[in-house]
Amino acid sequence: MSDTTNVAEFSVSEISFAIKRTMEDTFGYVRVRGELGRISRPGSGHIYLDLKDDKAVLAGVIWRGVASRLKIQPEQGLEVIATGKITTFPGQSKYQLVIESLEPAGVGALMALLEERKKKLAAEGLFEEARKQLLPRLPRVIGVVTSPTGAVIRDILHRITDRYPLHVLVWPVRVQGETCGAEVANGIRGFNALSPGGPIPRPDVLIVARGGGSIEDLWGFNEEEVVRAAAASDIPLISAVGHETDWTLIDLAADVRAPTPTGAAEIAVPVKAELLNTIDDLSRRLGSGLIRLLNSRRTELRAASAALPAPRDLLALPRQRLDTYSERLRPALRATLRDRRARLDTANARLSPATLQRTMRYSAERIDALSARSLRALAVISGNRRQRFEAIAQRLSPQRLNERAGLSREKLDGLSSRFDRAFAERVKAERARLDAVDKLLESLSYRNVLQRGFALVRDDAGTPIRSARDVAAGTMIDIEFGDESHLTALTGSAPAGGGHPPKKSRAAKATGEPKKQGTLF
């Protein structure tokens, strides 16, 4: 029986591309509502995701060029409406949705995403009150991050001019659309990057402002990048996004939230007229206080001066004492002079020639007495010393010395013979020990290893080298062979001729010094 039939045959490619054309013609442009499941972002920049409901899953892909223009970035769990076309991927026999635009399915989905993001950032501590900074009382420069063409910047400038004119810097950004979040974050970071005292003044306060709108219009201020930039700002930041009933995540991360952009300007700067009135009031109070203080001190001074005695009364007693001491000084000087003269006369009488002669005679008698006592004492000491010398001389007679010398000579001869025998035995023992150590040293010597065909390599300091990794190129090394010959070489090159180095000379062997036979360059 023949196996041929009338059914047409298709190749795998033909059937795959036929299915692809059929699906693209049937579903050329579709809008699909579903929840985002698995999301993958490979290094190519494309985004692969799953759209799912309670019964099915549809694979989707967003090409890199489309992904960079999306208003919202896909996040797992977000309910969206994806617009694109259905196609197949013949390489894996699967179909997928090529997404050209992506938008949230409704306010509920955005609010759910917003609450989830709010919880995540709050868990990181970005909304804590301890992180918030105080606004300066009198700022000199204010930086405003907003659109340069909207009514917001005009309201802010008008309010600042009315209240307290100062320098305002505007960082132009888009306040709506897919690039809004990145531009606002760059504006906050850009103002913080300015150096104090540089060509562009660094603001003392930042205002991030935008008019009111729907949650989709304000979505750029809910981006993580904007919230993190606001929380990390070193400059105090005021958030003025939307109307009083609107709120975004940047309001929670900012140091102060203003209900409107105009309110932000009122919070940032004081009223100049009020400051001047305050200064005038303080000046008047200061002047009045100084006058009252001077009057009080003047009254106290007058009361103190009234209680003090007159200068004449203060000097009366010291003047009287001065007069009394002046009258007593002259008689006291005369009495002192008479006393000193009397003492001088007494001393003069004691120094007469007769008195000096008596003193000299008394001193001469004392000297004679002491001289006689000295001669007697010297005679006694000399006698004692002579007796001791004679006793020692008897003990040192030649006969007794000869006897003692003979005994000592006999004793010395005995000790000398004992020393000779002990020294010979000790030398014999040490020589045997030295021979044993020499044999052990010879058996353990590295030269036995060199005799078997090895070589010892040292560096220029004489330290053995254990590995080629320990030697840098261009280092001078010394190579010792088993025949005690040496070769000096420079690493990174080879010896010319490839032969063995010549043997060490007899003179070098006799002295024990290695002789360099050649140097390689």
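In this predicted model, helix α4, residues 151-163, packs with helix α8, residues 261-268, at an angle of about 30 degrees, their axes lying 8 Å apart. Since angles under 35 degrees count as roughly parallel, α4 is therefore roughly parallel to α8. A second helix pair, α5 and α6, has axes that come within 8 Å and cross at roughly 15 degrees. Both α5 and α6 also give residues to the lining of the largest pocket.

**Packing of α4 with α8**

- The two helices, α4 and α8, form a right-handed crossing.
- On the α4 side, the residues that meet α8 are V152, D155, I156, R159, I160 and R163.
- Their partners in α8 are P261, T262, A265 and E266.
- By class, the contact of α4 with α8 comprises five nonpolar, one polar and four charged residues.

**Packing of α5 with α6**

- With axes crossing at roughly 15 degrees, α5 and α6 are therefore roughly parallel to each other.
- The crossing in which α5 passes α6 is left-handed.
- From α5, the contact draws on G181, A182, V184, A185, N186, I188 and R189.
- From α6, the contributing residues are E225, V226, A229 and A230.
- Seven nonpolar, two polar and two charged residues make up the contact of α5 with α6.

**The largest pocket**

- The volume of the largest pocket is about 550 Å³.
- This pocket is lined by 28 residues, of which K71, I72, G177, E178 and W219 are the closest to its centre.
- Two or more lining residues come from each of the elements β5 (94-104), α3 (107-123), α5 (180-193) and α6 (224-231).
- The lining divides into 10 nonpolar, eight polar and 10 charged residues.

**Points to follow in the structure**

- Which elements of the α5 and α6 pair serve both a helix contact and the pocket lining? Helices α5 and α6 contact each other, and each gives two or more residues to the lining of the largest pocket.
- What is the handedness of each crossing? The crossing of α4 and α8 is right-handed, whereas α5 passes α6 in a left-handed crossing.

Definitions and conventions: Residues numbered from 1 in each chain as written. Predicted model: local features only at pLDDT ≥ 70, side-chain atom pairs only at ≥ 80, totals over all residues. Heavy atoms only, no water. 1 Å grid on protein atoms, 1.4 Å probe; cavity = no way out; pocket = protein on both sides within 12 Å on 5 of 7 lines; lining within 4 Å. Points joined across faces, edges and corners; volume = space filled by probe spheres on them. Helix = DSSP H or I, 4+ residues; strand = E, 2+ residues; numbered from the N terminus. Nonpolar A, V, L, I, M, F, W, Y, C, P; charged D, E, K, R; others polar. Axes fitted to C-alpha atoms, helices over the stretch in contact; angles between N-to-C directions. Parallel < 35°, antiparallel > 145°, perpendicular 65-115°, else oblique. Left-handed = near helix turned anticlockwise from the far one by under 90°. Contact = heavy atoms within 4.5 Å.
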